[in-house]
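Me: Please take a close look at one part of this structure, the packing of its helices. I should like a connected account of the geometry and of the residues involved.

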Amino acid sequence: MEIDWIIVGPVVAGILGIIIGYFIGYASKKVPNNKQEIEAWENKYESKSRELNASIEKRKTLENDITNLQTRLSNVESELASSKSKLNAVQNIAGSVTNTPNSNQNFESTTVAHAYGKRVIENDLTIIEGINVEIAALLKDHGIITWKELANTSGERCRTILTDSGRHYESYQPATWPDQARLAYEGKWDELRRWQADHHHSI
């Protein structure tokens, strides 16, 4: 049977046009429009970048705050150490005043100077007849620092201190030292001066 292309040709062409149009339309639908998606990702990137920069700035601020706090802490510690040092100095001074039992009672420098004709330092053990600088240092090493402490120390203990020192103090007579120290502690300078003058050669 012979095909009539005059009739069939347009039909076939129409069918082919439909098929080609279908594939062109399908292909156009499969190709995505990426412009909006790219813009969306760019916006997200910029947002995350801003958040990251903000976090970095916050971290720098916190680091600066920590550094400032460490500096302030160091200054406070230095001030505290200085205050403790000053407090210890004040306490030592107060302790020295407290440990001088007759500082405001019986000791008057002008009275002592009038009796001895020279300036005498309070609790100077060398004012006691028979005690020189070396013996005064030796007594202080044994806790006998003031006239009152020497007045409350027996002559026997003074002798023991001299003997135990290993030095040649056999000729010294410490039995009178407590009595002399008591007169000094009580501020009886004229009496002490007369007593020392009377016993100068027997001590």
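Reply: The following account treats two helix contacts in turn.

This is a predicted model, in which local features need pLDDT of at least 70, side-chain atom pairs count only at pLDDT 80 or more, and totals for chains, interfaces and linings use all residues. Residues are numbered from 1 along each chain as its sequence is written, and side-chain values use heavy atoms, with hydrogens and water left out.

Helix 3 (residues 109-116) packs with helix 8 (residues 189-198) at an angle of about 25°, their axes lying 9 Å apart. Helices here are DSSP runs (H or I, at least four residues), numbered from the N terminus; axes are lines fitted to C-alpha atoms over the stretch in contact, and angles run from 0 to 180 degrees between N-to-C directions. Helix 3 is therefore roughly parallel to helix 8 (angles under 35 degrees; over 145 counts as roughly antiparallel). Thr111, Val112, Ala115 and Tyr116 of helix 3 make the contact (heavy atoms within 4.5 Å) with Trp189, Asp190, Leu192, Arg193 and Gln196 of helix 8.

Helix 7 (residues 177-185) also packs with helix 8, at about 155° and with the axes 8 Å apart. Helix 7 is therefore roughly antiparallel to helix 8. From helix 7, Gln180, Leu183 and Ala184 meet Trp189, Glu191, Leu192, Trp195 and Gln196 of helix 8. Five nonpolar, two polar and one charged residue form this contact of helix 7 with helix 8, where Ala, Val, Leu, Ile, Met, Phe, Trp, Tyr, Cys and Pro count as nonpolar, Asp, Glu, Lys and Arg as charged, and the others, Gly among them, as polar.

Note on methods. Helix = DSSP H or I, 4+ residues; strand = E, 2+ residues; numbered from the N terminus. Parallel < 35°, antiparallel > 145°, perpendicular 65-115°, else oblique.
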